[in-house]
Amino acid sequence: MGEGSLVSLLWLPTAVRDQHSSGLTWTETTDPKGCLHTTETSGWPSYQGWTVEPHATIMPLPNRGIEIRQHIPFSQGSFSLRHTQSQPTNTDFIFQFELIGTSDPNGNPAMYFWPEADDTVLKALLDQVIIPLSDAYGIPLKAPKFLAYPASFGATSVRMSNSTFDTYTGWLGHEHVPQNDHGDPGLFPWSKMIGLNQMPLTQAEYDAISNENWNGINIPYKVGDHSTPANPANPNAEQTPASQLGSAARWSEWALQVVKDSADSNAVIHAAVNALSIKLDALNVRLNNLPDEVVAALPPASTGGLTVDDVKNAVTQVAREGIASQPVG
Ligand SMILES: [Zn+2]
């Protein structure tokens, strides 16, 4: 369920395919990570004869957006990290992206300076790369502190140990990876980029979609300050099965609102649909398990003459009708 069933994104929808290798076999497929690099070039690199390429290369088009060329499908590892010790780097379920330009404040002024990337470029990177990867592979939308180059080079306070890296899940830069000394992408403007997220959700709400505990009370009723899709009579109502289904219905309504309000952003639609998929997966599991859970929760001989199957059928019926009977408008 959830993330597992969504791992089908092999190529970014807006990328041009430019493949030179089938890639490396993952040595681990837990703790997914995304890694950002800067190329320190102004044009498309050829990666030392296509031996050290990332999954994809991103060309910034200042104040217009980005252009993406993808080299390795996401089912395989890519090559841009050094690997000198037993802890894997390139094959540790890390999706790598090279940003064309520089992270060096004293670098060639003709190169795009990523620490001061413009909003349009950052938004495009977020919508076309970061969010699709995070949605598909369950990479948390977080990153460690970035240092400015050249303070980011070598053994720094932000360079992870092998063991920290191994279990870290989230986004990071080459400057955080152990066994490596490169300081790219320097002071990457992570927070500024995340602040451009159009989804009408706080970070906590976004996390709640992915991490929701369906057996507890961790179900968000309010969806940011977006138009309220439903009217839960009592926001603190008991989390009955019907109200959980009602919550799912409200999430669907929210996703439709996002799609409707999006001028032309396929990535936003993609993110909304993925968020909804996670929700629906969880809902299906919940629905399938509910009759057994209810029966298990009943004290012995409390079914009032009904058979166990009668009870299960009744629960199933109530749950299914709950979907249709919940007003979402
Ligand atoms: Zn790098």
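Start by selecting strand E2 and strand E5, residues 94-99: 6 bridges join them, and the two strands run parallel. You are looking at a predicted model. For one pair across these strands, pick Lys 33; Ile 94 in E5 stands opposite.

Now add strand E6, residues 170-173. E6 also runs parallel to E2, and 4 bridges join the two. Click on Cys 35 in E2. Which residue of E6 stands opposite Cys 35? Leu 172 does.

Next, select E2 alone, residues 33-38. Is this strand largely enclosed or open? All 6 of its 6 residues are buried, so the rest of the structure largely encloses E2. Buried here means that 20 or more other C-beta atoms lie within 10 Å of a residue's own.

Now colour the two sides of E2. In a regular strand, side chains alternate between the two faces of the sheet. Lys 33, Cys 35 and His 37 lie on one side. Gly 34, Leu 36 and Thr 38 lie on the other. Both faces are covered, with each of these residues buried.

Move on to Leu 196. Find it in the loop between helix H5 (190-195) and helix H6 (203-211). Is Leu 196 buried, exposed or partly exposed? Leu 196 has 15 other C-beta atoms within 10 Å, so it counts as partly exposed.

Last stop: show what touches Leu 196. Setting aside neighbours within four places in sequence, Leu 196 is in contact with Asp 119, Leu 122, Lys 123 and Leu 126. Draw a distance from Leu 196 to Leu 122. They are 74 residues apart along the chain, yet their C-alpha atoms are separated by 7.8 Å.

Key
Residues are numbered from 1 along each chain as its sequence is written. This is a predicted model: local features need pLDDT of at least 70, side-chain atom pairs count only at pLDDT 80 or more; totals for chains, interfaces and linings use all residues. A residue is buried if 20 or more other C-beta atoms lie within 10 Å of its own, exposed if 12 or fewer, and partly exposed in between; C-beta atoms are placed from the backbone. Two strands pair if DSSP finds at least two bridges between them. Two residues are in contact if their C-beta atoms, placed from the backbone, lie within 7 Å.
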